[in-house]
Amino acid sequence: MNTQDAELVVRLQQDEVSAFDTLYWKYHQAVYRNIFKFVKEQIVTEDILQEVFAKLWEKRKDINPSQSVAGWLFVISFNLSVDYVRKKLREQTIHKELLNLDFDDDYSLDRKNIYEDQYQLLEKAIAQLSPKKRKIVTLCKLEGKTYDEVAEELKISRNTVKEHLSIAMVKLNDYIQKNKEHNKYIVLFLLFLNYHD
């Protein structure tokens, strides 16, 4: 758990705009990169980014300070990106079976539970990793840092970062696949999670 982030979330829940600003400037680039790799459109990415942080403010009272706010942002950005892709596919009249995904109304009706399930699953998957791999996944995937930045911060080589991350992603994929229950969006979630810089 990131103690600084936990303190920021507590302050955010006390309606401190400065805490929101700090979280925005800390994570907006990572969130932007994750969204852009998925939707591949700059203007759309910027719109979704703003929506992610609007939700951070709107849902601030619901966030658990003891859990990763980076993970929360990651999950929200994933779900908003899926929303956009679904809408785009419908507008282009591409048949939904092309992706073998059943985009039915359950997604919209049960969205809060889906967010929470994905968030919890991601947290639990990362918790299964060794401390070093957990740190590398958090820095690379949730905080959006490059291999070089992580290598410098942890005082290890770039190759070591890549090796640890590759092994960690296999373990995360295995854990998520085994514990996915009936989440229809798990394939997209893993795709979103697996992008490398």
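## Exercises on helices, core and aromatic rings

**Exercise 1.** Work out what span is expected for helix α9 (residues 158-178), and how far apart its end C-alpha atoms are.

Solution. Helices here are DSSP runs of H or I with at least four residues, numbered from the N terminus. The expected span is 1.5 Å times one less than the number of residues, so the 21 residues of α9 should span 30 Å, and the end C-alpha atoms are 30 Å apart, which agrees. This is a predicted model, in which local features need pLDDT of at least 70 and side-chain atom pairs count only at pLDDT 80 or more, while totals for chains, interfaces and linings use all residues. Residues are numbered from 1 along each chain as its sequence is written, and side-chain values use heavy atoms, with hydrogens and water left out.

**Exercise 2.** Decide whether Asn34 is buried or exposed, and find which residues it is in contact with.

Solution. Asn34 is placed in helix α2 (residues 17-39). Buried means under 20% relative accessible area, exposed over 50%, and partly exposed in between, with a 1.4 Å probe and protein chains only; Asn34 has 13% relative accessibility and therefore counts as buried. Contact means heavy atoms within 4.5 Å, and, leaving aside neighbours within four places in sequence, Asn34 is in contact with Phe74, Lys141 and Phe192.

**Exercise 3.** Identify which residues of the largest nonpolar core touch the most other members.

Solution. A nonpolar core is a set of buried Ala, Val, Leu, Ile, Met, Phe, Trp, Tyr and Cys residues joined through side-chain atoms within 4.5 Å. The largest one has 56 residues, of which Val52, Phe53 and Leu56 touch the most other members. Its largest share, 11 residues, comes from helix α4 (residues 69-91). Not counting residues up to four places away in sequence, Leu56 touches Leu12, Phe20, Leu23, Ile63, Val69, Trp72 and Leu73.

**Exercise 4.** Classify the ring pair of Phe20 and Phe53.

Solution. Rings of Phe, Tyr and Trp (its six-membered ring) pair if their centres lie within 6.5 Å; planes under 30 degrees apart count as stacked, over 60 as edge-to-face, and the rest as tilted. The count by this rule comes to 6 aromatic pairs. In the pair of Phe20 and Phe53 the centres are 6.3 Å apart and the planes are at 85 degrees, so the pair is edge-to-face. The pair links distant parts of the chain, with Phe20 in helix α2 and Phe53 in helix α3 (residues 42-58), 33 residues apart. Both Phe20 and Phe53 are buried.

Definitions and conventions:
Helices (H or I, at least four residues) and strands (E, at least two) are DSSP runs, numbered from the N terminus.
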